[in-house]
Amino acid sequence: MTNIRAEIVAVGTELLLGQIADTNAQWISQRLAAIGINVHHHAVVGDNLQRVEEQFKLSNERSDVIIVTGGLGPTEDDLTREAFQKLSGMEIVEHEPSMKKIKAYFAKQKIDMTPNNRKQARVFADADILDNQTGMAPGMIVSYGDKTWIFLPGVPHEMKRMMANDILPYLQRLLGEDTIIKSVMLRFIGIGESRLEHELQDLIQQQTNPTIAPLAQNEGIATRLTAKAATDEEALKLIERTKQDVLDKVGEHYYGEDEQSLQASVLELLKDQGKSVAAAESLTGGMFIDRLIAIPGASHVCRGGIVCYDTKVKENVLRVPSDLISQYGTVSEPCASVMAANVSSLMDADIGISFTGVAGPGSSEGHPAGTVFITIHEKSGKQQTEKYTFYGDRQTIRKQTVLKGYELLFNLLK
């Protein structure tokens with residue numbers, strides 16, 4: 001089967017209420033795109049039998065492969081099986097291996113199993129059953145007419161394990177092609193989506209194989225390259241050739257590929273150059289150092305950080321002169337400059353970076369929310385201070401500030 005039209009349906013009222021975000025659909029879409037399957041629709045439906053059935057009817061009419069997440073649990077509002085049964089008329093039976101697993105779990109935990117937990121072992125009689133290695137409810141693959149229905153738990157780590165182990169290999173076989181599909185994500189910083197697309201316009205217009213797809217991300221911009229070939233080696237060669245064409249145009253903004261984060265790239269550069277970093281953080285409250293320490297190997301480059309949110313901490317710990325603060329304020333270039341220099345000195349770091357500003361929601365020292373100063377101080381005495389105005393809520397401004405700090409460091413070290 002070629003040109004598969006795929007659809008992802010998330011079942012759960014909590015998604016509609018905004019209590020949790022539907023990150024499952026995003027993750028699944030990325031994996032399907034990587035093997036050449038296009039997702040035409042995302043749908044979210046609440047825990048209501050009639051509405052779930054109506055959504056399933058619509059999905060069945062317009063899509064070839066429908067992946068449903070959620071609604072397989074033990075409670076009364078877990079209605080995915082019942083809704084599909086109303087559509088298909090398929091028999092639901094108890095899957096004995098799953099039931100044994102559920103009973104064993106409760107016995108091991110020394111908890112009485114309530115009768116409704118049996119519901120999690122209920123499956124369609126003709127389904128291919130997918131073992132849930134990290135949870136209770138099994139997944140299912142069901143053929144209904146000429147459509148393929150895939151039912152997965154809504155818990156992300158359970159869903160991801162089934163997708164990786166069972167669903168993606170199954171779908172690649174369903175494609176019925178001897179073609180190998182390879183994909184790589186190139187990641188960029190310091191360039192907007194429209195500018196990146198403009199710079200790559202001639203390559204995008206000429207694309208055949210590999211294809212080029214610019215994508216906006218939470219942190220920076222990415223471009224996905226996808227190649228089809230008879231062998232892995234051929235596909236990788238095609239990707240490498242197109243990657244070089246892309247980097248010839250926008251390579252100055254490139255920092256890594258696939259799951260590589262900007263902070264991981266900065267850490268690698270620091271290690272390669274034998275340099276260390278320390279941070280003085282006011283409005284970011286330790287967020288910069290936290291992201292660096294989250295990466296294995298950070299101890300080789302990270303001296304530590306000082307959260308200097310209060311003015312007295314700036315004065316007494318970071319030794320920012322009180323007369324400087326009186327004259328210029330804490331939200332200022334002079335204050336940021338001294339913070340970066342002194343944290344470098346106090347922690348014997350090759351590079352000191354400081355963050356001071358107004359996270360909001362209100363103004364401070366006459367500066368509106370989003371006003372930020374970032375200074376990078378090198379042991380040689382060289383300094384760079386930048387002023388920015390960011391927009392958004394308090395948390396967004398803090399995240400943008402940290403991202404900009406890593407961008408400045410990356411550009412310094414590359």
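Which residue in S11 does Phe188 stand opposite? The residue is Ile221. Keep this pair in mind as you look around the structure, which is a predicted model.

## The annotated domain

Let's begin with what the record offers. According to an unreviewed UniProt entry, residues 7-174 are covered by the annotation "domain: MoaB/Mog". In the model, helix makes up 43% of this span and strand 23%. The C-alpha atoms at the two ends of residues 7-174 are 15 Å apart.

## Two helices side by side

Within that stretch of the chain you can look for helix H2 (residues 23-34), and you will also want helix H6 (residues 156-175). Their axes come within 11 Å and cross at roughly 25°. Angles under 35 degrees count as roughly parallel, so H2 is roughly parallel to H6. The crossing of H2 past H6 is right-handed.

On the H2 side, the contact is made by Asn24, Trp27, Ile28, Arg31 and Leu32. H6 contributes Pro156, Met159, Lys160, Met163, Leu168 and Leu171. Sorted by type, the residues of this contact are 8 nonpolar, 1 polar and 2 charged.

## An open sheet

Now move further along the chain to an open sheet of 4 strands, which pair antiparallel in the order S10-S11-S9-S12. Strand S10 (211-216) and strand S12 (254-257) are the edge strands, each pairing on one side only. On average, neighbouring strands of this sheet are turned by 25° against each other, direction ignored.

Strand S9 (residues 180-188) and strand S11 (residues 221-229) run antiparallel and are joined by 9 bridges. This brings us back to the opening pair, with Phe188 opposite Ile221 in S11.

Methods
Residues numbered from 1 in each chain as written. Predicted model: local features only at pLDDT ≥ 70, side-chain atom pairs only at ≥ 80, totals over all residues. Heavy atoms only, no water. UniProt positions renumbered as here; feature names shortened; annotations may be inferred. Pairing = 2+ DSSP bridges. Axes fitted to C-alpha atoms, helices over the stretch in contact; angles between N-to-C directions. Parallel < 35°, antiparallel > 145°, perpendicular 65-115°, else oblique. Left-handed = near helix turned anticlockwise from the far one by under 90°. Contact = heavy atoms within 4.5 Å. Nonpolar A, V, L, I, M, F, W, Y, C, P; charged D, E, K, R; others polar.
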